[in-house]
Amino acid sequence: MKLWYPYRQMKDLGQVPVMVAGKGTAMILEDGRRLTDGISSWWAVIHGYNHPDINNALIEQINSFSHVMLGGLSHPPALALADKLVEITPAGLNHVFYSDSGSVGVEVALKMALQYWKNTGHVGKHKIISLKNGYHGDTFKAMEVGDDSDFSNAFVDVLHRGYFLDTPAGGFDADAATIQQEASKLEDLLKIHAPEIACFILEPIVQCAGGFRIYSPLYLKAARALCDQYNILLVLDEVATGFGRTGKLFAADHAGITPDIMIIGKALTAGYMGHAATLATTRIFNGFLGDSYDKALMHGPTFMGNPLATTVALKSIEIIEKDHYLERIAAINAVIRNEFEKIESPAIADKRIVGAIGAIELKEDSMMAGFRDYAMANGAWLRPIGKVMYVMPAYIITDDELRKLIWIMRDWISHIYANG
Ligand SMILES: Cc1ncc(COP(=O)(O)O)c(C=O)c1O
């Protein structure tokens with residue numbers, strides 16, 4: 001096998017489906033099969049495949065130029081997108097640094113946080129707090145702050161781990177006492193270790209790759225207040241949650257907070273190509289100003305701010321706004337709630353829903369064996385994470401298409417039950 005696939009033991013790879021065309025939510029395979037994509041290709045393809053307006057915007061840009069370095073040069077889409085991102089992200093995130101993937105966007109965020117303290121004369125703030133079950137990407141620093149051993153087991157000997165707090169308990173609607181209890185874990189840590197901590201990084205509202213664990217906006221509010229109190233930066237990784245996925249344009253909007261640094265990716269470029277942006281407040285940006293390169297952010301991926309990527313992002317945001325996607329996401333949420341309510345089985349450990357995400361956790365990993373093939377045989381592309389099956393569709397999905405995806409999940413679950 002010449003092509004090395006991700007997250008796979010290549011020894012028993014088996015047959016890999018080959019997609020030859022896409023239209024809306026449909027993935028058309030080489031053998032003619034048509035699958036409805038239930039997970040928007042790793043949560044990126046929010047407008048579905050082959051969107052005519054995005055295609056046309058891209059073609060126009062290609063006919064002008066496809067790439068130019070951002071080192072010492074600029075171009076209209078990169079400038080316009082920076083303006084737009086500052087406008088739509090939480091107030092105060094006034095500066096945009098582009099990169100080429102979510103993982104690299106996280107690296108940039110952590111570099112910003114660590115160097116900010118060095119630049120401003122705070123010595124020894126080298127450690128990072130993150131959450132258990134968090135996932136921030138597969139590059140080294142991103143692995144260090146992530147908590148899924150499947151991704152980082154091979155490297156435990158070389159990772160410099162910081163501190164990990166429990167995923168906040170109580171779900172989206174956690175009561176005040178639970179929030180207080182969870183926040184006190186953060187405060188207890190900060191009381192002792194704040195002088196050596198640079199930042200707290202977390203996926204706001206929902207930890208996606210960690211199994212769609214949802215927590216309360218009140219925890220984010222408490223984290224913001226405690227980070228301010230103890231002079232720690234708050235970094236929100238919105239790579240998965242950004243652009244409407246949790247029901248607000250950004251998950252931070254549920255809490256009405258502004259992080260010091262925020263990362264966006266995935267849906268930023270609607271699945272057309274890899275790109276990310278790390279946004280920072282003026283306080284952070286000013287910390288990098290000085291008379292020499294010593295204080296500058298010495299990072300610059302070749303394709304940062306690529307004209308095609310920034311053109312796609314601008315068009316994508318235009319569509320989100322013009323087509324009232326937040327209303328569409330609320331409708332998707334209603335369908336998921338309605339259908340999930342009807343799914344009951346002793347095989348289910350938990351059902352979790354927020355925005356356009358619906359996840360069902362089964363009791364055992366083994367209960368998921370064969371699910372992907374079953375979904376394909378029924379015309380759907382659904383790829384579980386461990387024992388969690390989920391839908392995270394393109395926002396253009398119709399209610400009927402979405403119901404059918406959920407019924408496939410329901411039928412699989414009842415099949416397990418039928419088989420004891
Ligand atoms: C929250 C979060 N951060 C970062 C990443 C890494 O993004 P990428 O795969 O584009 O490097 C992911 C990818 O799943 C993610 O979910």
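**Exercise 1. Trp 43, a residue with distant partners**

Task: Decide whether Trp 43 is buried or exposed, and find out which residues it contacts beyond its sequence neighbours.

Solution:
- Step 1. The relative accessibility of Trp 43 is 7%. Buried means under 20%, so Trp 43 counts as buried. Keep in mind that this is a predicted model.
- Step 2. Place the residue: Trp 43 belongs to helix α1, which covers residues 40-43.
- Step 3. Set aside the neighbours within four places in sequence. Trp 43 then contacts Cys 208, Ala 209, Phe 212, Ala 240, Lys 266, Ala 267, Ile 385, Tyr 390 and Met 392.
- Step 4. Pick one partner, Ala 240. It is 197 residues from Trp 43 along the chain, and the two C-alpha atoms are separated by 6.8 Å.

**Exercise 2. The ligand and its surroundings**

Task: Work out which residues surround the ligand and how much of its accessible area the protein covers.

Solution:
- Step 1. List the shell: Trp 43, Ser 101, Gly 102, Ser 103, Tyr 135, His 136, Gly 137, Glu 203, Asp 237, Val 239, Ala 240 and Lys 266. Trp 43 and Ala 240 from the previous exercise are among them.
- Step 2. Sort the shell by class, which gives four nonpolar, five polar and three charged residues.
- Step 3. Look for polar contacts. A ligand oxygen is 2.6 Å from an N or O atom in the Ser 103 side chain. A polar backbone atom of Gly 102 is 2.9 Å from an oxygen of the ligand. Lys 266 has a polar side-chain atom 3.0 Å from a ligand oxygen.
- Step 4. Now the cover: on its own the ligand has 390 Å² of accessible area, and the protein covers 82% of that.

**Exercise 3. Checking a helix with a ruler**

Task: Test whether the length of helix α7 agrees with 1.5 Å a residue, and say what its buried residues pack against.

Solution:
- Step 1. Helix α7 runs over residues 176-193 and has 18 residues.
- Step 2. The expected span is 1.5 Å times one less than the number of residues, so α7 should span 26 Å.
- Step 3. The end C-alpha atoms of α7 are 25 Å apart, which agrees.
- Step 4. The buried residues of α7 are Thr 178, Ile 179, Glu 182, Ala 183, Leu 186, Leu 189 and Leu 190. An α-helix has 3.6 residues a turn, so residues three or four places apart point the same way.
- Step 5. These buried residues pack against β5 (127-131), β6 (163-165), β7 (197-202) and α8 (217-229).

Try the same check on helix α3, residues 76-88. Its 13 residues should span 18 Å, and its end C-alpha atoms are 18 Å apart, so the two agree. Buried in α3 are Pro 77, Ala 78, Leu 81, Ala 82, Lys 84, Leu 85 and Ile 88. Their cover includes α2 (52-62), β4, β11 (261-264), β12 (276-281) and α11.

**Exercise 4. Two polar side chains**

Task: For Thr 167 and then Ser 99, find where each residue lies and which polar contacts its side chain makes.

Solution:
- Step 1. Thr 167 is in the loop between β6 and α7. With 17% relative accessibility, Thr 167 counts as buried.
- Step 2. Its side chain reaches the backbone oxygen of Lys 132 at 2.8 Å. The side chains of Thr 167 and Asn 133 are joined by a polar contact of 3.0 Å.
- Step 3. Beyond four places in sequence, Thr 167 touches Lys 132, Asn 133, Glu 182, Gln 207 and Arg 213. Of these, Glu 182 is one of the buried residues of α7.
- Step 4. Ser 99 lies in strand β4, residues 93-99. Its relative accessibility is 0%, so Ser 99 is buried.
- Step 5. A polar atom of the Ser 99 side chain is 3.3 Å from the backbone nitrogen of Gly 105.

**Exercise 5. Positive phi without glycine**

Task: Compare the settings of Ile 205 and His 324, two non-glycine residues with a positive phi.

Solution:
- Step 1. Phi is about 70° at Ile 205 and about 50° at His 324.
- Step 2. Ile 205 sits in the loop between β7 and β8 (206-207), whereas His 324 sits in the loop between α11 (307-322) and α12 (325-341).
- Step 3. Ile 205 is buried at 0% relative accessibility, while His 324 is partly exposed at 48%.

Methods
Residues are numbered from 1 along each chain as its sequence is written. This is a predicted model: local features need pLDDT of at least 70, side-chain atom pairs count only at pLDDT 80 or more; totals for chains, interfaces and linings use all residues. Side-chain values use heavy atoms; hydrogens and water are left out. A residue is near a molecule or strand if one of its heavy atoms lies within 4 Å of it. A polar contact is a pair of N or O atoms within 3.5 Å; within protein, one must be able to donate a hydrogen and the other to accept it, and residues adjacent in sequence count only if both atoms are side-chain atoms. Accessible areas come from the Shrake-Rupley method with a 1.4 Å probe; for residues, only the protein chains shown count as cover. Ala, Val, Leu, Ile, Met, Phe, Trp, Tyr, Cys and Pro count as nonpolar, Asp, Glu, Lys and Arg as charged, and the others, Gly among them, as polar. Helices (H or I, at least four residues) and strands (E, at least two) are DSSP runs, numbered from the N terminus. Buried means under 20% relative accessible area, exposed over 50%, partly exposed in between (1.4 Å probe, protein chains only). Contact means heavy atoms within 4.5 Å.
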